[in-house]
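Reader: I have a chain on the screen that I should like to go through with you. Could you take me through its residues and contacts?

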Amino acid sequence: MIAESFLGIEIWDKVVLDGVITVVDAEQVLDLDGEEMVLATSQVACADIVLLNKTDLASNEQRENVYRWIR
């Protein structure tokens with residue numbers, strides 16, 4: 001995760017991590033499996049803001065399932 005790169009002590013005085021934004025592909029995210037799903041879940045769990053992308057390519061049912069998964 002990109003946010004983890006800000007944890008290095010050598011940059012603490014140069015960077016302020018104020019929030020985490022995660023972009024979720026509405027069409028594809030629920031098709032992930034294994035390590036990819038673990039990573040996606042971890043990124044959503046630590047996000048302050050979740051941006052749902054490609055909603056125009058997902059069906060209403062897919063979008064509702066993704067909303068439930070994010071919550």
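Author: Let us begin with Thr 22, which counts as buried at 7% relative accessibility. Buried means under 20% relative accessible area, exposed over 50%, and partly exposed in between, with a 1.4 Å probe and protein chains only. The model is predicted: local features need pLDDT of at least 70, side-chain atom pairs count only at pLDDT 80 or more, and totals for chains, interfaces and linings use all residues. Residues are numbered from 1 along each chain as its sequence is written, and side-chain values use heavy atoms, with hydrogens and water left out.

Reader: Where is Thr 22 placed?

Author: Thr 22 belongs to strand E1. Helices (H or I, at least four residues) and strands (E, at least two) are DSSP runs, numbered from the N terminus.

Reader: Which residues is Thr 22 in contact with, leaving aside neighbours within four places in sequence?

Author: They are Gln 43, Val 44, Ala 47, Ile 49, Val 50 and Leu 51; contact means heavy atoms within 4.5 Å. In addition, a polar atom of the Thr 22 side chain lies 3.0 Å from the backbone oxygen of Gln 43. A polar contact is a pair of N or O atoms within 3.5 Å; within protein, one must be able to donate a hydrogen and the other to accept it, and residues adjacent in sequence count only if both atoms are side-chain atoms.

Reader: And the overall layout: in what order do the elements run from the N terminus on?

Author: The order is β-α-β-α, with two helices and two strands in the protein chain. Of its 71 residues, 20% count as buried. Among contacts between residues at least 6 apart in sequence, 70% join residues at least 24 apart.

Reader: How many salt bridges does the count come to?

Author: The count is one, where a salt bridge is a side-chain nitrogen of Lys or Arg within 4 Å of a carboxyl oxygen of Asp or Glu. Asp 25 pairs with Lys 54, and their closest N and O atoms are 3.3 Å apart. This pair links distant parts of the chain, 29 residues apart: Asp 25 is in strand E1 and Lys 54 in the loop between E2 and H2.

Reader: Are those two buried or exposed?

Author: Neither term applies: Asp 25 is partly exposed, with a relative accessible area of 22%, and Lys 54 is partly exposed as well, at 36%.

Reader: What about Arg 63, then: which side chain of opposite charge is nearest?

Author: That is Glu 64, 6.4 Å away, and Arg 63 is buried yet has no salt bridge. For charge, Lys and Arg count as positive and Asp and Glu as negative; His and the chain ends are not counted. Arg 63 sits in helix H2, residues 60-70. A polar atom of the Arg 63 side chain lies 2.6 Å from the backbone oxygen of Ala 58. Not counting residues up to four places away in sequence, Arg 63 touches Thr 55 and Ala 58.

Reader: Turning to helix H1, is Ala 45 buried or exposed?

Author: Ala 45, which lies in helix H1 (residues 34-45), is exposed, with a relative accessible area of 66%. Ala 45 and Arg 71 are 26 residues apart in sequence, and their C-alpha atoms are 9.1 Å apart in space.
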